[in-house]
Amino acid sequence: MTEMVRAENVHKSFGSLEVLKGVDLTVPEGGVSCVLGPSGSGKSTFLRCINHLEKLNAGRILVDGDLVGYRERGGKLHEMSERDVAKQRQSIGMVFQRFNLFPHMTVLDNVMEAPSRVKRENKGEVRERARALLDRVGLAEKMSNYPGQLSGGQQQRVAIARALAMRPKVMLFDEPTSALDPELVGEVLEVMKGLARDGMTMIVVTHEIGFAREVADEVVFMDGGVVVEKGSPSEIIANPQQERTKAFLSKVL
Amino acid sequence: MTQPTQTERARPEAIKAVPVRHPGRWVAIAVLAVLGAMFLHLIFTNSGFRWSFIFLEYAEGKRGVMFTEPVLEGLRGTILLTLFSMVIGIVLGIIIAIMRLSPNKVLSSVAWAYTWFFRAVPRLVLAIIFGNLNILWTRIGFGLPFDKQIGALFGIDNFDGQIFSIRSTDLLAGFVAGMIALGLSEAAYMAEIVRAGIQSIDEGQSEAAVALGMSRSQVLRRVVLPQAMRVIVPPTGNEVIAMVKDTSLVAYVPVTTELFFQLQQVQARTFVVLPCLVAALIWYLIICSVLMVVQHFVERHFGKGYGAAGKARQRLRAIQVEQGGRVTPTDTGEGTP
């Protein structure tokens, strides 16, 4: 299988605070990686580096074989123009902890906005696809509602549909269920499981150990800006080797 | 024994309680009513107001002063001046606000300096300065910058790189000078309003838009500004109304097609002082009332998806749709099974 995402020795600092201290990760096409770890471990920052919302200080990230945010010419890195970075981001979907739906647009317009404005696809086709996607996340009847009228779980499902509308090669999930009421977590996880089954490449930062155990091909445990341990869910969750992993899991399980 | 469930229990009678009395409010209303009656009495019994002068006939064979030709022309001037200077102010204000928020230090400093200057100079002073700028420059043109200097550098005398130019006295006289002065001043205030609006939008909004592959200008036009408008519109309404009144300052440019100036002219001709002032007051009240209605609708437009009342209405509709029935508000009071 081909590599979809490849991160090599990624470093990121905010001022003097080094948040990522050399993170490596490889996700094959169709693979699902779950990133676990305590808050402040740098897992969200790492995810934001993958679509260049944060600039790396060192290391490199490739998505589908292309360097993210830079171009290599004659052994030298050149920063990409904003337009080119935007182009790259079109194929990297992202779902945020706090949904970030556009509150001034209806649900349908939220999903249609990027394909019709950014890719300038045919409006009729985009509408059909948006309807199908909303149907897939179980919200076809909420199409003409505004996000403010939906529950958190429904909003997050719309956010997933919005990201999928761009037909991304990879989906990044940044703690997608952390802002939800407990009874709403399940519906979002169901949608994500469906995506994984359909072969979407996914990187999921989460605290849902159950989800990781069930869906992930690989579980990555991060702490203090480094990958402490990674492996199959059964290895990491059932039988962690590192002390830090054990300590974390004993608190959340 | 298990507790009876809600459905098994009879619904108690609706509460019919005697409402709390508010005697204080009634006293206040009585006082206000008396004061109001006194006010109306003062206005309508004092012949000094000369209502017929204002509304019906201010001189033999002429209409009331509010509706005479020069005053109506002045009214049109006031409205146009407000419109044009607000358009300049809003467009330029948005540009300056965006520059101010730019990560580039030069752009943001220039924007800051602009705001600093035009907020510090009184509009009256600015209007007079613009009326006199033709003393400094005789011609104003558009073309190659520094054309004379470049010409001199290559030894050409009087090299003219202007595409077109116009005499300053033609351009910067009267109406245009007043419009530019008010517009530039307004832009400084609008820039601050727009900046506050943009900054009020959650960072997550532009992040989500950027993550979808939108360009910076798309994020601004499609996501940030439409939401910022909710914050921008109410203070902009203030600005428009303030501008209507500030147009009276351009009398010093001088601009003659302006409402207050025209009424003062009538005053000077007829020696009737107070009714002319009252006529101006009534016109300003009418313009501002119309503007408030416009503002209401603009606010409603940009409030889509927000607002307590709107939200409640939409919630109700959503609940009704979920229950499968199209229940109209009138029959929600009836006990449905």
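Author: Welcome! Let us start with a word you will need: a helix here is a DSSP run of H or I at least four residues long, and helices are numbered from the N terminus. With that in hand, we can look at Glu186(B), which sits in helix α8 of chain B, spanning residues 175–199. Please keep in mind that this is a predicted model.

Reader: Thanks! Is Glu186(B) buried or exposed?

Author: The general idea is a cut-off: a residue is called buried when its relative accessible area is under 20%. Glu186(B) has a value of 0%, so it is buried.

Reader: What does the side chain of Glu186(B) make a polar contact with?

Author: Its partner is the side chain of Arg123(B), at 2.7 Å. Contacts of any kind make a wider list. Setting aside neighbours within four places in sequence, Glu186(B) is in contact with Ser85(B), Met86(B), Gly89(B), Arg123(B), Glu239(B) and Met243(B).

Reader: How many helices and strands does chain B have?

Author: Chain B has 13 helices and two strands. Of its 337 residues, 36% count as buried. You can also ask how far along the sequence its contacts reach. Among contacts in chain B between residues at least 6 apart in sequence, 71% join residues at least 24 apart.

Reader: Which residues of chain B does UniProt annotate as "transmembrane region"?

Author: An unreviewed UniProt entry gives that annotation to residues 26–44, 79–99, 111–137, 171–191 and 271–294 of chain B. We can then check such spans in the model. Residues 26–44 of chain B are 100% helix and 0% strand, with end C-alpha atoms 27 Å apart. Residues 271–294 of chain B are 88% helix and 0% strand, and there the end C-alpha atoms lie 37 Å apart.

Reader: Now for chain A. What does the UniProt record say about residues 5–249?

Author: The unreviewed entry labels residues 5–249 of chain A "domain: ABC transporter". In the model, that stretch of chain A is 37% helix and 28% strand, and its end C-alpha atoms are 26 Å apart.

Reader: Where is Lys43(A)?

Author: Lys43(A) belongs to helix α1 of chain A, residues 43–50. Its relative accessible area is 3%, so Lys43(A) is buried. To see what a side chain does, look for the atoms it reaches. The side chain of Lys43(A) reaches the backbone oxygen of Gly37(A) at 3.1 Å and that of Pro38(A) at 3.5 Å. Not counting residues up to four places away in sequence, Lys43(A) touches several residues, including Val35(A), Glu175(A), His207(A) and Met222(A).

Reader: Why is α1(A) described as largely enclosed by the rest of the structure?

Author: Seven of the eight residues of α1(A) are buried, so the helix is largely enclosed by the rest of the structure. Among these buried residues are Thr45(A), Phe46(A) and Ile50(A). After α1(A) comes His52(A), with a positive phi near 65°.

Reader: Let us turn to empty space. What is the volume of the largest pocket?

Author: The largest pocket holds about 1,200 Å³. A good next step is to ask what lines it. There are 34 lining residues, and Glu82(A), Glu203(B), Ser206(B), Val210(B) and Arg216(B) lie nearest the centre. Elements giving two or more residues to this lining are α2 (82–89) of chain A and, from chain B, α3 (69–100), α8, α9 and α10 (216–246). The most, five residues, comes from α10(B). By class, the lining of the largest pocket has 16 nonpolar, eight polar and 10 charged residues.

Reader: And how much space lies in the second largest pocket?

Author: The second largest pocket has about 570 Å³. Its lining has 27 residues, with Met86(B), Ile90(B), Val240(B), Leu291(B) and Val294(B) closest to the centre. Here α10(B) gives the largest share, nine residues. The classes in this lining are 23 nonpolar, four polar and no charged.

Reader: Last one: how many cavities of 30 Å³ or more are there?

Author: There is one cavity of 30 Å³ or more. The largest cavity has a volume of about 90 Å³. It is lined by 15 residues, among them Met94(A), Arg162(A) and Ala208(B). The largest share of that lining, four residues, comes from β8(A). By class, the lining of the largest cavity has 11 nonpolar, two polar and two charged residues.

Methods:
Residues are numbered from 1 along each chain as its sequence is written. Chains are lettered from A and ligands numbered from 1 in the order in which they are written. This is a predicted model: local features need pLDDT of at least 70, side-chain atom pairs count only at pLDDT 80 or more; totals for chains, interfaces and linings use all residues. Side-chain values use heavy atoms; hydrogens and water are left out. Buried means under 20% relative accessible area, exposed over 50%, partly exposed in between (1.4 Å probe, protein chains only). A polar contact is a pair of N or O atoms within 3.5 Å; within protein, one must be able to donate a hydrogen and the other to accept it, and residues adjacent in sequence count only if both atoms are side-chain atoms. Contact means heavy atoms within 4.5 Å. On a 1 Å grid over the protein atoms alone, a cavity is a set of points where a 1.4 Å probe fits but cannot get out, and a pocket is an open set with protein on both sides within 12 Å along at least five of seven lines; lining residues have an atom within 4 Å of a point. Grid points are joined across faces, edges and corners, and a volume is the space filled by probe spheres set on the points. Ala, Val, Leu, Ile, Met, Phe, Trp, Tyr, Cys and Pro count as nonpolar, Asp, Glu, Lys and Arg as charged, and the others, Gly among them, as polar. UniProt positions are given in the numbering used here, feature names are shortened, and annotations may be inferred rather than shown by experiment.
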